[in-house]
Amino acid sequence: MTRLAPLALRFLALVIMATSLGGCSLFGMNFAFNRMSEKECMMRAMYFESNRSSSEGMLAVGTVVMNRLGDPRYPKSVCEVVGQKNQFAQGVLTKPMTDSGAILASQVADQVLRGQRHPGVQNAQHFHTAGLRFPYNNMFYVLEAGGNEFYEKRTVR
């Protein structure tokens, strides 16, 4: 028991240090977006959702994030929009960005955060992988870019 006590105390000290950094919570999603800038969260959404295929695809994803940010039904920060459960790629805020697509994502994130939008996205707040089709009649498609199809949800009359 005496040999385990120092190890347990070290572990407890590490947990306390980790949870005190920047107001982060080690056990919740707040850990990820409390320590990220709006730019990093935007970069991650574009990087993981556009298959790092093109600046056009990344700009389209960034436009969707900003469209959601402007809607009162969604959270009020880029990181909270991107971190919303089941809305963006799994691990979007935690997986490492490992290739040169991160450089392009950084450049496009700067453009989006300065106000640039993809004109083809219009008011769309949703997208899914290109080539998939769903049997819902409220999905109005506006653009295909970066391996995704972007759509607006409209009320069917």
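Here are three short exercises with worked solutions on this predicted model.

Residues are numbered from 1 along each chain as its sequence is written. Local features need pLDDT of at least 70 and side-chain atom pairs count only at pLDDT 80 or more, while totals for chains, interfaces and linings use all residues; side-chain values use heavy atoms, leaving out hydrogens and water.

**Exercise 1.** Find which cysteines the disulfide joins, and where they sit.

*Solution.* Start with the definition: a disulfide is a pair of cysteine sulfur atoms within 2.5 Å. Cysteine 41 and cysteine 79 are joined this way, with S to S at 2.0 Å. Next, place them: cysteine 41 lies in helix H3 (residues 38-49) and cysteine 79 in helix H5 (residues 78-82), 38 residues apart. Helices here are DSSP runs of H or I, at least four residues, numbered from the N terminus. Finally, both cysteine 41 and cysteine 79 are buried, meaning under 20% relative accessible area with a 1.4 Å probe, protein chains only.

**Exercise 2.** Check the span of H3 against its expected value.

*Solution.* The expected span is 1.5 Å times one less than the number of residues. For the twelve residues of H3 that gives 16 Å, and the end C-alpha atoms are 16 Å apart, so the two agree.

**Exercise 3.** Decide whether H3 is largely enclosed or not.

*Solution.* Count its buried residues: nine of the twelve are buried, so H3 is largely enclosed by the rest of the structure. Among them are Cys41, Met42 and Met46. Then look across to valine 78, which touches residues including Cys41 and Met42, where contact means heavy atoms within 4.5 Å.

Note on methods:
Helix = DSSP H or I, 4+ residues; strand = E, 2+ residues; numbered from the N terminus. Buried < 20%, exposed > 50% of the residue type's maximum accessible area, 1.4 Å probe, protein only. Lists of a residue's contacts leave out its neighbours within four places in sequence.
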